Amino acid sequence: MSTSQDENLLQQEVVTCPAVGYQAVTVCVPVTVTPFANAGTAITFCCGSPTVTTDMTPCPGTVNGSCTFKITQEMCVAVPVEFGATAVTGAPHVQCGDASAVDICTDCGVTAGGVASSAVSTKKNNCTSCK
């Protein structure tokens with residue numbers, strides 16, 4: 001084969017027969033909801049007048065302590081989750097048909113599933129051994 005013929009073969013469009021498969025799936029993803037609460041600005045109310053004393057006895061209570069109380073709030077949490085999937089193909093398998101020195105691909109015209117090849121590819125599929 002000459003170099004120009006090799007170049008012509010490399011420049012020819014590769015014809016494919018695309019197919020679509022569908023798989024019904026149920027997708028489940030664990031979701032962890034971690035609650036949080038942010039305290040707003042504290043508002044202090046003074047109840048009565050302050051007491052000023054020279055009495056140096058220790059103050060009652062716990063040094064550097066704090067008081068704890070609780071507030072309960074029922075809530076509903078909206079969690080936006082985007083589901084998706086990726087598709088990974090396995091190794092391709094081929095079932096070989098008959099080989100021939102004669103053009104067995106002329107005027108095939110129909111792809112698997114009875115769809116005309118023009119609906120699948122803009123380039124005519126000429127395979128005569130297509131079923």
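Student: Which residues form a nonpolar patch on the surface?

Tutor: Keep in mind that this is a predicted model. The patch is made of Val27, Val29, Val31, Val33, Met75, Val77, Val79, Val81 and Phe83. Together these residues have about 790 Å² of accessible area.

Student: Why is valine 29 called partly exposed?

Tutor: Its relative accessibility is 39%. Buried would need a value under 20%, and exposed a value over 50%. The 39% of valine 29 lies in between, so partly exposed is the right label. As for where valine 29 sits, look in the loop between helix 1 (3-11) and helix 2 (117-120).

Student: What makes proline 35 exposed?

Tutor: The cut-off for exposed is over 50%. Proline 35 comes in at 61% relative accessibility, so it counts as exposed. Proline 35 also has its place in the loop between helix 1 and helix 2.

Student: How far apart are proline 35 and valine 77 in sequence and in space?

Tutor: In sequence they are 42 residues apart, while C-alpha to C-alpha the distance is 9.3 Å. Valine 77 is one of the patch residues we began with.

Student: How many disulfides does the structure hold?

Tutor: Zero.

Student: How do you know that cysteine 46 is in no disulfide?

Tutor: Check the nearest cysteine sulfur, which belongs to cysteine 47 and is 7.4 Å away. A disulfide needs the two sulfur atoms within 2.5 Å, so a separation of 7.4 Å rules the pair out. Seen from the other side, cysteine 47 has the sulfur of cysteine 46 as its nearest, at 7.4 Å, and is in no disulfide either.

Student: Are cysteine 46 and cysteine 47 buried or exposed?

Tutor: Cysteine 46 has a relative accessible area of 73%, so with the bar at over 50% it is exposed. Cysteine 47, at 74%, counts as exposed because that value also passes the bar.

Student: What is the phi of asparagine 64?

Tutor: About 55°, a positive value, although asparagine 64 is not a glycine. Asparagine 64 lies in the loop between helix 1 and helix 2. Its relative accessible area is 80%, so it is exposed by the over 50% rule.

Student: What does the secondary structure of the chain come to?

Tutor: Two helices and zero strands. Buried residues make up 5% of the 131 residues in the chain. The chain exposes about 13,300 Å², with carbon and sulfur atoms supplying 58% of that area.

Definitions and conventions: Residues numbered from 1 in each chain as written. Predicted model: local features only at pLDDT ≥ 70, side-chain atom pairs only at ≥ 80, totals over all residues. Heavy atoms only, no water. Patch = residues over 30% accessible without salt bridge, like charges linked within 9 Å, V, L, I, M, F, W, Y side chains within 5 Å. Areas by Shrake-Rupley, 256 points an atom, 1.4 Å probe, with all protein chains shown as cover. Salt bridge = Lys/Arg side-chain N within 4 Å of Asp/Glu carboxyl O. Helix = DSSP H or I, 4+ residues; strand = E, 2+ residues; numbered from the N terminus. Buried < 20%, exposed > 50% of the residue type's maximum accessible area, 1.4 Å probe, protein only.
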